[in-house]
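Got your viewer open? Let's take a walk through this one, stop by stop.

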Amino acid sequence: MATSGSLPTQEEEELTLPRASINKMIKEILPNIRVANESRELILNCCTEFIHLVSSEANDICNHQQKKTINAEHVLQALDRLGFADYKADAEAVLKDCKAVAAKRRRQSTRLENLGIPEEELLRQQQELFAKAREEQAAAEQQQWQQLQAAAQMVSMQQSSLDFDQDDYS
């Protein structure tokens, strides 16, 4: 890590959490307490180090099991190995919530498929709606054009009648 007073290198900066996220968490957890900037920075560094530690251990477990993808079970085992078993129940609860949100997203994304209408029919209906909208737009433009023509004709007639009246008095 960078020493105090020096700027962190680009590599070190990439390995931190967004400060805004940490500040939001601090504010949510401690709404009525002011937290010094140095303390916020310390919390940020601790969180980053914790994530690095757990993910490294989970990676070791994954490699030991000859797997290529770290999954939730590897992370939970890493918490146990590192002495953070107290956090395991909370982590499992978060995992359960994440799975529920993911399942809900999958259900919502398949609503189109669950309509029972073939994709070709949906495409045909969409094309009909587009055609109807184009026709309505063309009709509205035609009506507007006719109104402009009528107004121009009235102005022209008024102008010619004024010209005619002026000729009588000359």
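Start with the whole chain in cartoon: the protein has 6 helices and 0 strands. Follow the sequence and the pattern reads α-α-α-α-α-α. Keep in mind that this is a predicted model.

Before zooming in, switch on the surface. The protein exposes about 14,600 Å², and carbon and sulfur atoms supply 55% of that. Of the 170 residues, 9% are buried. As for how the chain meets itself, take the contacts between residues at least 6 apart in sequence: 29% of these join residues at least 24 apart.

**Stop one: Thr-48**

Select residues 37-64, which is helix α3, and pick out Thr-48 within it. Is Thr-48 buried or exposed? Its relative accessible area is 10%, and since buried means under 20%, Thr-48 counts as buried. Show sticks and look at the backbone oxygen of Leu-44: a polar atom of the Thr-48 side chain lies 2.9 Å from it. Now hide the neighbours within four places in sequence and see what else Thr-48 touches: Leu-15, Thr-16 and Leu-17 are in contact with it.

**Stop two: a nonpolar patch**

Next, select Met-25, Ile-29, Leu-30 and Ile-33. On the surface these four form a nonpolar patch, with about 390 Å² of accessible area together. Click on Ile-29, which belongs to helix α2, residues 19-29. Ile-29 is exposed, at a relative accessible area of 66%.

**Stop three: salt bridges**

Time to colour by charge. Side chains of opposite charge can pair when their charged atoms come close. How many salt bridges does a search of the whole structure find? The search turns up 5, and we'll visit some of them.

Go first to Arg-19 and Glu-41, whose side chains meet in a salt bridge at 3.1 Å, N to O. This pair links distant parts of the chain, with Arg-19 in helix α2 and Glu-41 in helix α3, 22 residues apart. Both ends are partly exposed: Arg-19 has a relative accessible area of 38%, and Glu-41 has 30%.

Then select Arg-81 and Glu-57, where another salt bridge measures 3.0 Å from N to O. Arg-81 sits in helix α4 (residues 72-81) and Glu-57 in helix α3, so this pair ties together parts that are 24 residues apart in sequence. Which partner is buried and which is exposed? Arg-81 is exposed, with a relative accessible area of 53%, whereas Glu-57 is buried at 15%.

**Last stop: helix α6**

Finish by selecting residues 119-168, helix α6, and bring up Glu-121 and Arg-124. Glu-121 forms a salt bridge with Arg-124, and the closest N and O atoms are 2.5 Å apart. What separates these two along the helix? They are 3 residues apart, so about one helical turn lies between them. Glu-121 counts as partly exposed at 26% relative accessibility, and so does Arg-124 at 38%. Add Glu-128 to the selection before you go: Glu-121, Arg-124 and Glu-128 are linked in a network of salt bridges.

Methods
Residues are numbered from 1 along each chain as its sequence is written. This is a predicted model: local features need pLDDT of at least 70, side-chain atom pairs count only at pLDDT 80 or more; totals for chains, interfaces and linings use all residues. Side-chain values use heavy atoms; hydrogens and water are left out. Helices (H or I, at least four residues) and strands (E, at least two) are DSSP runs, numbered from the N terminus. Buried means under 20% relative accessible area, exposed over 50%, partly exposed in between (1.4 Å probe, protein chains only). A polar contact is a pair of N or O atoms within 3.5 Å; within protein, one must be able to donate a hydrogen and the other to accept it, and residues adjacent in sequence count only if both atoms are side-chain atoms. Contact means heavy atoms within 4.5 Å. Accessible areas come from the Shrake-Rupley method with a 1.4 Å probe; for residues, only the protein chains shown count as cover. Patches are made of residues with over 30% relative accessible area and no salt bridge: like charges are joined within 9 Å, nonpolar side chains (Val, Leu, Ile, Met, Phe, Trp, Tyr) within 5 Å.
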